[in-house]
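Trainee: I would like to learn how to read helix packing in a model like this one. Where do we start?

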Amino acid sequence: QREALCATAFQFVDALQTGYIDDIQNKTGLTMVFQQLGDVPMPKDEWYVRVFQNFVPEGKDFVDFRVFKEIVKQWDEHHMKKKQAREAASGQFGQGQLPP
(Lines give C-alpha, C1' and ligand atoms only; values in the text may rest on other atoms or scores of the structure.)
Protein backbone atom coordinates (compact mmCIF):
# COMPACT_ATOMS: atom_id res chain seq x y z
CA GLN A 1 0.00 0.00 0.00
CA ARG A 2 2.77 2.43 0.96
CA GLU A 3 4.54 1.89 -2.37
CA ALA A 4 1.37 2.56 -4.37
CA LEU A 5 0.58 5.70 -2.37
CA CYS A 6 4.11 6.99 -2.94
CA ALA A 7 3.90 6.36 -6.68
CA THR A 8 0.54 8.13 -7.00
CA ALA A 9 1.61 11.13 -4.93
CA PHE A 10 4.98 11.47 -6.69
CA GLN A 11 3.35 11.33 -10.13
CA PHE A 12 0.85 13.97 -9.04
CA VAL A 13 3.46 16.45 -7.79
CA ASP A 14 5.87 15.69 -10.64
CA ALA A 15 3.32 16.79 -13.23
CA LEU A 16 6.04 17.52 -15.81
CA GLN A 17 7.40 13.99 -15.31
CA THR A 18 10.99 15.12 -14.80
CA GLY A 19 11.64 12.41 -12.20
CA TYR A 20 12.61 15.04 -9.63
CA ILE A 21 10.68 17.21 -7.19
CA ASP A 22 11.60 20.32 -5.20
CA ASP A 23 10.97 21.06 -1.53
CA ILE A 24 7.42 22.34 -2.03
CA GLN A 25 6.43 19.41 -4.22
CA ASN A 26 8.04 17.08 -1.69
CA LYS A 27 5.96 18.52 1.16
CA THR A 28 2.77 18.26 -0.89
CA GLY A 29 3.50 14.67 -1.91
CA LEU A 30 4.46 13.58 1.60
CA THR A 31 1.32 15.20 3.03
CA MET A 32 -0.80 13.28 0.52
CA VAL A 33 0.82 9.98 1.48
CA PHE A 34 0.68 10.55 5.24
CA GLN A 35 -3.00 11.54 5.09
CA GLN A 36 -3.85 8.38 3.18
CA LEU A 37 -1.76 6.10 5.39
CA GLY A 38 -3.85 7.36 8.30
CA ASP A 39 -1.87 5.58 11.02
CA VAL A 40 0.95 8.12 11.21
CA PRO A 41 0.82 11.63 12.66
CA MET A 42 1.25 14.62 10.38
CA PRO A 43 4.67 16.24 10.78
CA LYS A 44 5.12 19.88 11.70
CA ASP A 45 6.00 22.28 8.88
CA GLU A 46 9.62 22.62 9.96
CA TRP A 47 10.06 18.82 9.72
CA TYR A 48 9.44 18.95 5.98
CA VAL A 49 12.20 21.54 5.56
CA ARG A 50 14.67 19.55 7.68
CA VAL A 51 13.96 16.21 6.04
CA PHE A 52 14.31 17.69 2.55
CA GLN A 53 17.66 19.23 3.49
CA ASN A 54 18.81 15.92 4.97
CA PHE A 55 17.97 13.93 1.85
CA VAL A 56 18.73 16.34 -1.02
CA PRO A 57 22.08 15.56 -2.66
CA GLU A 58 24.77 18.18 -2.05
CA GLY A 59 24.62 20.96 -4.61
CA LYS A 60 21.13 19.98 -5.78
CA ASP A 61 17.65 21.35 -5.11
CA PHE A 62 15.66 18.23 -5.98
CA VAL A 63 14.99 14.68 -4.81
CA ASP A 64 13.97 11.69 -6.90
CA PHE A 65 11.33 9.00 -6.35
CA ARG A 66 13.76 6.67 -4.55
CA VAL A 67 14.48 9.36 -1.94
CA PHE A 68 10.79 10.27 -1.66
CA LYS A 69 9.92 6.63 -0.89
CA GLU A 70 12.73 6.41 1.66
CA ILE A 71 11.43 9.45 3.54
CA VAL A 72 7.95 7.92 3.70
CA LYS A 73 9.34 4.54 4.77
CA GLN A 74 11.41 6.00 7.59
CA TRP A 75 8.55 8.17 8.93
CA ASP A 76 6.06 5.29 8.74
CA GLU A 77 8.37 2.72 10.35
CA HIS A 78 9.46 5.15 13.06
CA HIS A 79 5.86 5.70 14.12
CA MET A 80 4.93 2.03 13.84
CA LYS A 81 7.77 1.22 16.27
CA LYS A 82 6.62 3.96 18.65
CA LYS A 83 3.06 2.62 18.51
CA GLN A 84 4.22 -0.95 19.18
CA ALA A 85 6.34 0.22 22.11
CA ARG A 86 3.37 2.10 23.60
CA GLU A 87 1.13 -0.94 23.18
CA ALA A 88 3.71 -3.25 24.76
CA ALA A 89 4.21 -0.85 27.67
CA SER A 90 0.48 -0.64 28.32
CA GLY A 91 -0.05 -4.39 27.95
CA GLN A 92 -2.19 -4.00 24.84
CA PHE A 93 -1.61 -5.94 21.68
CA GLY A 94 -2.72 -5.07 18.19
CA GLN A 95 -5.08 -7.25 16.26
CA GLY A 96 -3.27 -10.31 14.98
CA GLN A 97 -0.34 -9.87 17.36
CA LEU A 98 0.71 -12.34 19.99
CA PRO A 99 1.92 -11.18 23.38
CA PRO A 100 5.73 -11.39 23.77
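Mentor: With a definition: contact means heavy atoms within 4.5 Å. Buried means under 20% relative accessible area, exposed over 50%, and partly exposed in between, with a 1.4 Å probe and protein chains only. This is a predicted model, in which local features need pLDDT of at least 70 and side-chain atom pairs count only at pLDDT 80 or more, while totals for chains, interfaces and linings use all residues. Residues are numbered from 1 along each chain as its sequence is written, and side-chain values use heavy atoms, with hydrogens and water left out.

Trainee: Which helices and strands are there, and in what pattern?

Mentor: Helices (H or I, at least four residues) and strands (E, at least two) are DSSP runs, numbered from the N terminus. Here there are four helices and two strands, in the pattern α-β-α-α-β-α along the sequence.

Trainee: What do the buried residues of α2 pack against?

Mentor: The buried residues in α2 are N26, G29, L30, T31, V33, F34 and L37. They pack against α1 (2-13), β1 (20-21), α3 (45-55), β2 (63-64) and α4 (65-90).

Trainee: And which residues of α4 are buried?

Mentor: In α4 they are V67, F68, I71, V72, W75, D76, H79 and E87; their packing partners are α1, β1, α2, α3 and β2. Over the whole protein, 30% of the 100 residues count as buried.

Trainee: How do I read the span of a helix?

Mentor: The expected span is 1.5 Å times one less than the number of residues. Helix α2 (residues 23-37) has 15 residues and reaches 21 Å from first to last C-alpha, close to the 21 Å expected. Helix α4 has 26 residues and reaches 38 Å, close to the 38 Å expected.

Trainee: Which residue caps the N-terminal end of α2?

Mentor: First the general term: a polar contact is a pair of N or O atoms within 3.5 Å; within protein, one must be able to donate a hydrogen and the other to accept it, and residues adjacent in sequence count only if both atoms are side-chain atoms. For α2 the cap is D22, with a side-chain oxygen 3.1 Å from the backbone nitrogen of I24. For α4, D64 caps the N-terminal end, with a side-chain oxygen 3.3 Å from the backbone nitrogen of R66.

Trainee: What comes just after α2?

Mentor: G38, which takes a positive phi of about 75°.

Trainee: How much do contacts between residues far apart in sequence contribute?

Mentor: Among contacts with a separation of 6 or more, 59% come from residues 24 or more positions apart.
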